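Hi,

Here is the structure I said I'd pass on. Have a look at it first, and my notes are underneath.

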Amino acid sequence: MALQDVCGWPAGDAAALGLPRAGGCAVPPGRDPPRFLEALGPRLAHGTTTLAFRCRHGVVAAADTRSSCGAYVACPASLKVVPVHRHLLATTSGTSADCAAWLRALRRELRLRALRDGRLPGVAGAAKLLAAMLARYRGLGLCVATLLCGWDRAGPALFYVYSDGTRLQGDVFSVGSGYPYAYGVLDRGYRYDMTVREAYDLARRAVAHATRRDAYSGGSVDLFHVRASGWEYVSRADACVLYTQLRAPPGPEPTREAGQAQPEQATRRGAGEGGGPAPEETEDDSRMPASTLSADPKSWDYKPMPPRLAALESLMSWGGPQEHVRAG
């Protein structure tokens with residue numbers, strides 16, 4: 001070998017030179033490589049920020065788009081909210097390969113159940129099925145933490161499933177390294193009877209604040225909404241732009257000339273105040289950002305649906321609304 005000739009090494013195989021074999025790894029003598037790497041090997045930190053919550057309009061899910069491995073950003077525009085079928089979404093947190101493989105297995109099993117039983121399982125059934133599949137591999141190094149967001153015959157539902165078989169049902173969940181910062185925003189602003197605009201605003205604010213404080217979260221903010229008619233991709237906005245708009249102070253109020261009558265301010269009353277229910281919000285303005293972020297929708301950095309998500313949506317035709325509304 002040329003390198004051996006330059007360095008003056010004696011001719012011989014790799015074992016004689018004390019070098020690791022091809023495809024092997026260098027560990028101290030007498031140590032088992034898998035156990036050594038598991039105990040003392042490099043631990044690459046990885047993180048994300050995903051969240052979801054239930055409201056009277058369905059389930060709203062949001063996530064950042066940064067995929068990192070230690071200090072290396074592998075992909076700044078990854079998709080962490082993955083469709084399972086037309087009425088079920090799953091967020092991904094943990095090892096990307098594990099999440100992709102097990103959500104693909106869940107999609108396959110749900111498809112087989114639909115072909116065999118004539119209807120799709122409900123959200124609770126899908127969460128139970130995924131938890132049972134993951135529990136068989138407890139302790140083998142899997143890292144899967146997902147939120148199943150869906151709508152079935154019982155209405156909107158939200159479940160948290162972990163790779164050790166844990167399955168929890170709730171109204172508000174946040175998973176990933178940025179979850180403490182997201183919970184700080186969610187705990188302050190969450191209400192079940194929020195309007196669509198308030199729900200979108202809350203989800204964006206929570207992820208934007210988490211990306212600001214968590215080094216492993218960033219990129220953009222993907223926003224999804226699961227309704228009775230199916231899931232909907234709402235927007236993808238740049239996280240830095242969102243945070244800048246959140247931090248911007250409100251503009252000064254326009255001054256009025258002397259003697260000019262002050263217009264009456266329309267107050268919004270909630271249910272129980274003034275004897276009337278809170279006014280409903282129409283579907284036409286459900287995509288508009290809240291006034292706390294920006295009054296001009298053109299200032300938002302909306303992006304079209306990612307090509308991968310558009311391709312997945314075309315494969316969801318087998319889970320139509322009529323089929324899934326009958327799911328138990």
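Below is what I found, starting with one strand and its neighbours and ending with the cysteines.

One thing before you dig in: this is a predicted model.

The strand I'd look at is E8, which covers residues 144-152. Nine of its nine residues are buried. In a regular strand, side chains alternate between the two faces of the sheet. For E8, both faces are covered: Val-144, Thr-146, Leu-148, Gly-150 and Asp-152 sit on one side, with Ala-145, Leu-147, Cys-149 and Trp-151 on the other.

So who pairs with E8? Here are the partners I have, with antiparallel pairing in each case:

- E9 (residues 155-162) is joined to E8 by eight bridges, and a hairpin of two residues links these two strands. Ala-145 stands opposite Tyr-162 there.
- E6 (residues 88-91) pairs with E8 over three bridges, with Leu-89 partnered by Cys-149.
- E7 (residues 93-94) pairs with E8 over two bridges, and Ser-93 has Ala-145 as its bridge partner.

Ala-145 therefore turns up twice, facing Ser-93 in E7 and Tyr-162 in E9.

Now the cysteines. How many disulfides does the structure hold? Zero. Cys-143 is in no disulfide, and the nearest cysteine sulfur, that of Cys-99, is 7.0 Å away; the cut-off for a disulfide is 2.5 Å, so that pair doesn't count. Cys-143 is partly exposed, at 22% relative accessible area. Cys-75 is partly exposed too, at 29%, whereas Cys-149 in E8 is buried.

Cheers

Conventions: Residues are numbered from 1 along each chain as its sequence is written. This is a predicted model: local features need pLDDT of at least 70, side-chain atom pairs count only at pLDDT 80 or more; totals for chains, interfaces and linings use all residues. Side-chain values use heavy atoms; hydrogens and water are left out. Buried means under 20% relative accessible area, exposed over 50%, partly exposed in between (1.4 Å probe, protein chains only). Helices (H or I, at least four residues) and strands (E, at least two) are DSSP runs, numbered from the N terminus.
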